[in-house]
Amino acid sequence: MKKNHLVNKTSKAVLNLNTTTKERIRSIIEDNDSKPGRLFDITIQILIFISILVYCLGTLPNLSPFWTRTLDIVNNVCYIVFTIEYFGRIYITNHKIKYIFSFYGIIDLLAILPFLFAKQFDLRAIRALRIFRIISALKISKYNDALRRFAVALRIIRPELTLFFILTGIFIFLSAAGIYYFENEAQPKEFASIFHSLWWAIITLTTVGYGDIYPITLGGRMFTFVILLMGLGVITIPTGLIASALSSARDIEFEENKKKNKNKEEEKAN
């Protein structure tokens with residue numbers, strides 16, 4: 001009996017210790033109001049900027065062995081800190097799967113993948129997206145609201161965007177097939193197959209037109225003129241969809257705020 005009581009007491013002590021440790025780590029990582037939390041946020045943001053700078057400096061040609069070694073050391077330090085932070089966030093959250101597959105969770109993971117597995121996949125540039133954490137660190141509410149509205153807008157037009165991208169993919173294929181039909185005989189090297197023609201279709205529909213591949217036959221030029229006109233529509237459709245959805249998201253936010261204020265007034269009246 002005493003033995004069981006001792007075991008239960010020990011288990012409770014370990015559980016309390018684990019809970020206390022978890023809460024302390026949570027207060028450092030997520031609580032921006034505490035001094036350790038602010039220091040942690042500032043440190044992470046500084047390291048993000050340093051890691052991006054190191055990544056850019058590492059692309060400079062003719063770096064001396066000293067600077068190459070120094071940049072590698074700084075980069076590895078950033079990797080270690082970001083890895084500890086990532087697993088720390090998984091440890092403290094009550095919804096681990098939700099965090100792992102969230103926007104920040106995916107970005108945090110991609111930023112440390114080369115350190116964990118293989119350095120031949122250089123994803124350090126993705127760290128630039130982690131600058132979004134400054135928004136939460138500085139508590140800039142208006143930007144938080146803007147991001148929330150944008151997320152709502154994307155949810156509103158998700159079916160339309162999905163249909164748009166499907167139709168665009170089909171249209172790109174038809175454009176590649178059409179230009180291949182007109183230009184293959186005249187330019188067998190540039191338009192060797194429909195796969196080769198896909199590059200022309202993409203840069204023409206997006207109205208970029210690098211000029212590296214262009215039609216020389218009359219039929220090909222007339223076909224290109226039609227594709228260019230349609231390309232203008234391809235660009236404007238998502239812009240209009242997003243603008244309309246953002247307006248709807250603002251209306252939804254206004255109605256929600258109006259309802260919240262009304263509920264608060266009713267609670268005060270009661």
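These legends walk through the predicted model, starting with the whole chain and then moving to a few close-up views. Residues are numbered from 1 along each chain as its sequence is written, and side-chain values use heavy atoms, with hydrogens and water left out. Since this is a predicted model, local features need pLDDT of at least 70 and side-chain atom pairs count only at pLDDT 80 or more, while totals for chains, interfaces and linings use all residues.

**View 1. The whole protein has 10 helices and 0 strands.** From the N terminus on, the elements read α-α-α-α-α-α-α-α-α-α. Helices (H or I, at least four residues) and strands (E, at least two) are DSSP runs, numbered from the N terminus. The protein has 270 residues, and 29% of them count as buried. Here buried means under 20% relative accessible area, exposed means over 50%, and partly exposed is in between (1.4 Å probe, protein chains only). The accessible surface comes to about 18,500 Å², and 68% of that belongs to carbon and sulfur atoms; these areas come from the Shrake-Rupley method with a 1.4 Å probe, and for residues only the protein chains shown count as cover. Take the contacts (heavy atoms within 4.5 Å) with a separation of 6 or more: 63% of them join residues 24 or more positions apart.

**View 2. Glu23 and Arg26 form a salt bridge in helix 1.** A salt bridge puts a side-chain nitrogen of Lys or Arg within 4 Å of a carboxyl oxygen of Asp or Glu, and the structure holds 2 of them. In this one, N and O are 2.6 Å apart. Both residues sit in helix 1 (residues 2-29), 3 residues apart, or about one turn of the helix. Is Glu23 buried or partly exposed? Glu23 is partly exposed at 42% relative accessible area, while Arg26 counts as buried at 17%. Setting aside neighbours within four places in sequence, Arg26 is in contact with Asp31, Ile92, Thr93 and Asn94.

**View 3. Helix 3 holds a salt bridge between Glu85 and Arg89.** The closest N and O atoms of this pair are 3.0 Å apart. Glu85 and Arg89 are 4 residues apart in helix 3 (residues 65-92), so about one helical turn separates them. Glu85 is buried, with just 2% relative accessible area, and Arg89 is buried too, at 11%. Other buried residues of helix 3 include Leu71, Asn75, Cys78 and Tyr79. How far apart are the end C-alpha atoms of this helix? They are 41 Å apart, which agrees with the 40 Å that its 28 residues should span at 1.5 Å a residue. The expected span is 1.5 Å times one less than the number of residues.

**View 4. Leu53, Leu57, Leu60, Leu63, Phe66 and Trp67 make a nonpolar surface patch.** It covers about 570 Å², and helix 2 (35-57) and helix 3 each give it two or more residues. Patches are made of residues with over 30% relative accessible area and no salt bridge; like charges are joined within 9 Å, and nonpolar side chains (Val, Leu, Ile, Met, Phe, Trp, Tyr) within 5 Å. Leu60 lies in the loop between helix 2 and helix 3 and is partly exposed at 45%. Asn62 lies in that loop as well. Asn62 has a positive phi of about 60 degrees although it is not a glycine, and it is exposed, with a relative accessible area of 78%.

**View 5. The largest nonpolar core has 13 residues.** Ile48, Phe82 and Tyr86 touch the most other members, and helix 2 and helix 3 each supply at least two residues. A second, separate core of 12 residues includes Phe164, Ala176, Ile179 and Leu205. A nonpolar core is a set of buried Ala, Val, Leu, Ile, Met, Phe, Trp, Tyr and Cys residues joined through side-chain atoms within 4.5 Å. In soluble globular proteins, nonpolar side chains tend to be buried together.

**View 6. Helix 8 (residues 158-183) has 26 residues.** From first C-alpha to last, helix 8 reaches 37 Å, close to the 38 Å expected at 1.5 Å a residue. Its buried residues include Leu161, Phe164, Thr168 and Ile172.

**View 7. Arg149 lies in helix 7 (residues 141-156).** Arg149 is buried, with a relative accessible area of 15%. Leaving out neighbours within four places in sequence, Arg149 is in contact with Leu246, Ala249, Arg250 and Glu253. The C-alpha atoms of Arg149 and Ile252 are separated by 9.0 Å, though the two residues are 103 residues apart along the chain.
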